[in-house]
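Q: I'd like to learn how to read contacts between parts of a model. Can we go through one together?

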Amino acid sequence: MEIEILQGIISLLIILGFSPLFAGLINKLKAVLTGRIGAPVWQPYYDLKRLFKKETINATVSSFVSRISPVINFVTVAVAATMLPIGFWKPLISFNGDIILFAYILGLARFIQILAAMDIGSSFEGMGAAREATFALFAEPIFFFTLGSVAFISGLSSIYDIYYSIQLNNISYIVFIVICSISAFLLAVTECSRMPVDDPNTHLELTMIHEVMILDNSGIDLFLYQYSGYIKLFIYAILEISFFYPFSAQSYLVGVMIFVIGSFILALTLATVETITSRFKMKNIPQYLLFATAIGILNLLIYTFTK
Amino acid sequence: MENVLSILFCLSLFYVSISSRVKGYVTVLQLQGLLLSVIIVIPFIYDFSIFGIILPVTLLVVKVFLIPKYIKKIILDLDIKRMIEPTIQQFTFLLLVIVSMVVIFVVSNILSQRTELNVIPFASGFSAIVIGIYIIMFRKKLIVHVAGFLILENGIFLFGTAVASELPMMIELGILLDVFVVVFLMGIALNNISSTLKGFDVTALGRLKD
Amino acid sequence: MNGLLNSGNVLFIAAFVIQLSALIPVAFIRSERKFFLTSNIILLIGLVIGLISTLSSSLFSSSQLINDTLLFDNWIRLDGLGLFFLFIIQLVAIPTTIFNFSYLQHYIDQERPIKSFVISYTVLLVSTQFIVIANQAILFLVSWEVMSMSAYLGMILEREKEEVHKGSFYYLVASHVIVFVIYIFFFLLHHQTNSWFLSDYHVSLTLRNTLPILFILSFIGFGIKAGFMPFHFWLPQAHPIAPTVLSAFLSGVIIKTGIYGILRTFQFLNPIPEWCGWVVLVISILSAIFGVWYALAQHDIKRLLAYHSVENIGIIGIGIGIGFIGSANKIPALEVLGFGGALLHTLNHAIFKSLLFLGSGVISNNLGTRNIELMGGIVHRAKYLAIFFLIGSVAISGIPPFNGFVSEFIIYNGFFQAAKELKNYYPFIMLIFVVGLAFVGGLAVACFTKINSIIFLGTERKEIKHFHTSVYDYISLGILSLLCIAIGFYPRIFIGIVNKVIGSGFVSADSSALIGMNWLSLTLIFSAILLSAVVLYFVKVKIQKKYGRRTSATWGCGYENITPRMQYTASSFADELNIIPKTILVYHKKVEISKGAFPKQTAFESHSQDFVDNKIVLPLYGFLKKIISKIEFLSQTDIRYYIGFILIIITVYGIIAFLWK
């Protein structure tokens, strides 16, 4: 029991510690693919350090919502991170139905962040907030049609158990899992505001979703927002990688190796996608998300009928 | 294996329903042609015969090379715009496609309990037929109608392989020829329409009725 | 008689007597203000005593079973379901009655006569409590009718306004249809069982061919009251025009009597066939999705909240549907989760919906408008009001750590259980419902971030001269917020109560699926979130002290003269979502953009009308009106002919009665 708690805490620390590195890795790979040298992999850490020491400036019209929002955002994302398995270690929080808590606790982060964006009273933030609310809505079904469909088929409702139940020995199940992971990748792209949906690099407010919501923040507030953004990216990366654990081979070393290799491949994929695609028109995003949902539905249908 | 290819076929159907460019349609047609020829070739891996291999090869040549090339040529020659001009929102269209697909899968699964058929290719072919019809219904351009018709025809093909693994080859070849002639005729029609009406909308055809 | 005189029952009877005695002052107190104060205080005392007596009943004691008490020759029955709803009614009635002190003061300042409102409010409270404890069909129907009519009389407080006429008329028509339908329902039950007592109603297995008729009648009758989707048309018309106290009570409690009716019907008809479950499930999921989508398109805050009631009734209905399916398939775990989620959500919705309605009442009274496009920046005027409203909003969106999440969590678990226990197609179908529910959650987030940010945050779109909040507002809102927090953070107690209610006459066998869930980890996680957020907040403040913090104007993209009207508005916030189901929402936009070197005024409007109201109810009404106008000549004739008509009708009725034998 104590060992399990310790393992859970270590997993959490890994997520908290390495999430900026993952973001840095994507940026570096992207730079390499576009023929630039790019910033070092450690750049996100430097950014965070810089932000930490800056003065905080709040908008005059802002209220208590802006003060508490970065904190709640960070805490909820961290709590969501404690539900995910790394390697074969049981996460700190794992009980029946935690898949729902996971989805809804990220909903709390989103709720408070949208409010904080509207708190500034600027229409730029308003636009970002409206888009976030809209696109998050269409992203919700994808989550349930990927991880949820695995859950419903296995009859389990805890994230760790769900991943644990994945056995790669039946061909139709392998196809099912692979297509699930494609859907989950599309979800990760949306939720982490990566390229075909959102552009994390541009600074033209009209084209952004997530970045524009935190435009009027600075100092420690921005530090917390950025950090929770990195953690969120890493969380979705773990959701994606965990599909490929052969859980029947239960060695921690193998798990960690798969985890590291998987993260690298995923970073490479994200970087490649960001290199070769351009951002969608805003009005095309709902149909892109519906497309991902459609893949999930089709996948589940086919699996149900071939069994 | 057939199932996996059919799933890819279905994914191509989803892609075609959110694609907003004519080029995307042509790519999907090529992909579907390839998938179909692979699906038909599979039985012959175990039981090789020269005569049986003719159909897949013809299919490959006609569907992957000839027809797409011809369509591309028409697009270039007549200087057709790239957008497909839908009559309803793409989002609604995709929603419609999803709902119909779910219904088709459920229905074909119920059917499969009574008779001997392969559910996944059957349902995929069925959905392709329905989606081909939708494309003809909800798009304005005649060239897209041709693509919709070809998707429908692909659907019939897949449908056929699911119902009986060996349709008489002559019939299939006949269908293929039929399709080719239809596409050719449509091409001529497009040429004529463009020379007389200066537009490629089907709405323009409405003016011809008197 | 022995049972009648024990201490608990005396308290119980005393509560009703005191509540009714709130009407006595009308006879001898002339002054409006004094009358209302005395009457309200007496009512409040009565309610508190009532709540105490309810809490001292066996439902809330530590014993495992609930005594099914029958009083007054079986006319009154206190069983698990009744006591639970009684608890909900009293729990909500206390804050709304406290709120009355400040709210009605506002009307007294306008010198509006409020005597009739106070009377109908008192009668409404008492009759609503009678509905859930009545064991006699006639008593039930009479209390139902009194409840409907007293709510109507309270609703027309501002009767000189045109919109009040229209809205209350909708309510009146809906109430009459309901009463008509449930009259037939009870007469059929009486016909089958030869009894007028609800406790005797068990449709025996031999007479099951009438079951579909009974079920459909009950679902239509009680469904109109509850506001399921095709029958919801009266809710968004009646809620906005009612005085705030009444709309809070209407939305929090009265529509729940519909849910009570459906659950009672289930007890009569148990075991229920599976198709009933599917009917309820499909209608509920549609109510939930389109209820919240309509809400998103509204600008009138009370109308918006009324549509949210449709959504939440949908969620309750989903729970009931799961319970029905479980009951049909004889799976106790599923029954417990379904009905448990439904009952807990009924309690939760009563709490947060009345919280939100009362909060909206404070705002609209101060601003004189219900249009949210004219609000903004209220957080700088009334910080605590904003906090209470925020708690209610987070709770109603089903987001942890408040109470809305707990009940939705149970319902989700019900779906998981259904997929696990019933293999075959069920996982797929259940997953579609789960996605529907998740979609509803997402829409609710969009909707409540919209109203919170537009009403409270940013700057004032229309200048607020002065914003007055009284201590009574804060007491009533505070009580409700505390309940939201308590159920969210420590659900175990409430789960225990709900589980006991279900144990008495709902499930075929005991199941620990509900209490057996890991409620402790929820409590721990929520406490951890709260604790670490507080700690982190203070750390953040400390760091800000070290590196400095200042305020500065919002960056205007280089533009100097920023006005409050340049903020993002509610319509623009929701626009991207509203244009998707344009036809169903009947959503219209009107944009006028002027061009040229010296552009004149530009304008933008957006409206949403109700599909059911516009396309079904109003045409039907028009059609009926046309038919009735054709037989209008009958009413314009001499009185002597009337007597002739009566004679004819009596003859016809007599012949039918004769032939019926």
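Q: How many residue pairs are in polar contact between chain C and chain B?

A: A polar contact is a pair of N or O atoms within 3.5 Å; within protein, one must be able to donate a hydrogen and the other to accept it, and residues adjacent in sequence count only if both atoms are side-chain atoms. Between chain C and chain B the count is 0 residue pairs (both at pLDDT 80 or more). A word on ground rules: this is a predicted model, where local features need pLDDT of at least 70, side-chain atom pairs count only at pLDDT 80 or more, and totals for chains, interfaces and linings use all residues. Residues are numbered from 1 along each chain as its sequence is written, chains are lettered from A and ligands numbered from 1 in the order in which they are written, and side-chain values use heavy atoms, with hydrogens and water left out.

Q: What area is buried between chain C and chain B?

A: Buried area is the accessible area (1.4 Å probe) that two parts lose on being put together, summed over both. Here that comes to about 390 Å², with 58% from carbon and sulfur atoms. Tyr425(C), Phe428(C) and Ile580(C) supply 84% of what chain C buries against chain B, more than any other three residues.

Q: Which domains is chain C divided into?

A: Bounds come from an automatic or database domain assignment. Chain C has domain 1 (1–193 + 200–207 + 242–252), domain 2 (270–521), domain 3 (573–608) and domain 4 (611–660).

Q: How many residues do domain 2 and domain 3 of chain C bring to their contact?

A: Contact means heavy atoms within 4.5 Å. Domain 2 of chain C gives 11 residues and domain 3 of chain C gives 11 residues. The two bury about 990 Å² between them, 70% of it on carbon and sulfur atoms. On the domain 2 side, Trp293(C), Tyr294(C) and Ala297(C) supply 46% of the area buried against domain 3, more than any other three residues.

Q: How many salt bridges cross that interface of domain 2 and domain 3 of chain C?

A: A salt bridge is a side-chain nitrogen of Lys or Arg within 4 Å of a carboxyl oxygen of Asp or Glu. The rule finds 0 across this interface, alongside 1 residue pair in polar contact.

Q: Why is helix α19 of chain C largely enclosed?

A: Buried means under 20% relative accessible area (1.4 Å probe, protein chains only), and helices are DSSP runs (H or I, at least four residues), numbered from the N terminus. In α19 (residues 570–578) of chain C, 7 of the 9 residues are buried, so the rest of the structure largely encloses this helix. Phe573(C) and Leu577(C) are among them, as is Asp575(C).

Key: Buried < 20%, exposed > 50% of the residue type's maximum accessible area, 1.4 Å probe, protein only. Helix = DSSP H or I, 4+ residues; strand = E, 2+ residues; numbered from the N terminus.
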